[in-house]
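Hi,

Here is the structure I promised to pass on. Have a look at it first, and then read my notes on the aromatic rings below.

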Amino acid sequence: MTFQKYKAHLALFGAAVMWGLMSPMGKTALENGLDGISLATFRMTGGAICFWLASLFAPKEDVKSSDMLLLFFAALLGIVMNQGCFTLGLSLTSPIDASIVTTTAPIATMVIAAIFIKEPVTSKKVFGVFLGSIGALTLIMSHSSTSAQSGSIIGDLLCLAAQISYAFYLVLFKGLISRYNIFTLMKWMFTYSAMCFIPLSYNYVSKIDYSAIPSVTWWCTAYVILCGTFLSNMLVMVGQKNLRPTVISMYNYIQPIVGTTVSIILGMGTFGPAKGVAVTLVFLGVYLVTQSKSRAQMLAEKENELHS
């Protein structure tokens, strides 16, 4: 494995850790004064501001007009629909249900990649996705008995729509992502997403009684913007430039591990044999998918066979 791929895996792991804390942090904000639409608005506009400020210190790039249009559609799938639907879904359903639905992302990505970019669905890849999903679901369900909040079909469907839209984004825009630096891509994508979302959310944001919102809500919102959006998206871009879509989506399975670890550290859970097996299955699943052959590798092998 090359240094670039090692760096990509470490970046995705860091993003998964930050996203693993998104459900509890976001849910805390939603239960203490903010609605889902307002939180999604703060996330998109806050992300745009952060990336524009960061871009001031990055190399300047000119973006082709045709690519600006592609960035708009990438923003719709990767940010507006993904983050908007997930935040709204989380406001309607339980964190447990939201976490369970996120396990569909690698499956959706594998299928979409096979259809649109002819990425091979190998037995090793299927088995890796299966092991990872079993491990993630085992961890998630171990917390379900302590969750008093019930789920919602509409909320669950919105969370599912978020995963499917992100899967399409990973598959369809890999070529675009490779052409520009992280800050150029993100500042325009978040700007487009804010422009799309603010007209829909203005009435919600303008009616917030800001003086009545507790400080814990703002701390959680700051985490959502800075860690769950700004830093995590930078790290995902590093992975997206160097790894296949299905490999990237497998890091969704790391998120329940983060939630379990935090609960143990805070004394809200214990680490037993079942959790140990679940964590092992997740990492084994991620490893198998990373080791599965890409379309380029298979074509190269066939060409070598023809010339041998």
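Let's start with a single side chain: Tyr169 has a relative accessible area of 4%, so it counts as buried, the cut-off being under 20%. Keep in mind that this is a predicted model.

Tyr169 has a partner, Tyr166, which is buried as well, at 13% relative accessibility. Both sit in helix H8 (residues 153-172), three residues apart, or about one turn of the helix.

How are two such rings described? A pair of aromatic rings is described by the distance of the centres and the angle of the planes. For Tyr166 and Tyr169, the centres are 5.5 Å apart and the planes are at 40°, so this pair is tilted.

Now zoom out a bit: there are twelve aromatic pairs in the structure. Another one of them is Phe72 with Tyr192, and this pair is edge-to-face, with 85° between the planes and 5.5 Å centre to centre. What does this pair tie together? Phe72 belongs to helix H4 (residues 65-92) and Tyr192 to helix H10 (residues 182-206), so the pair links parts that are 120 residues apart in sequence.

Are Phe72 and Tyr192 buried or exposed? Tyr192 is buried, at 16% relative accessible area, while Phe72 counts as partly exposed, at 26% relative accessibility.

One last thing to find on your screen: Phe72 and Tyr192 belong to one aromatic cluster together with Trp52, Phe73 and Trp188.

Have fun exploring!

Conventions: Residues are numbered from 1 along each chain as its sequence is written. This is a predicted model: local features need pLDDT of at least 70, side-chain atom pairs count only at pLDDT 80 or more; totals for chains, interfaces and linings use all residues. Side-chain values use heavy atoms; hydrogens and water are left out. Rings of Phe, Tyr and Trp (its six-membered ring) pair if their centres lie within 6.5 Å; planes under 30 degrees apart count as stacked, over 60 as edge-to-face and the rest as tilted. Helices (H or I, at least four residues) and strands (E, at least two) are DSSP runs, numbered from the N terminus. Buried means under 20% relative accessible area, exposed over 50%, partly exposed in between (1.4 Å probe, protein chains only).
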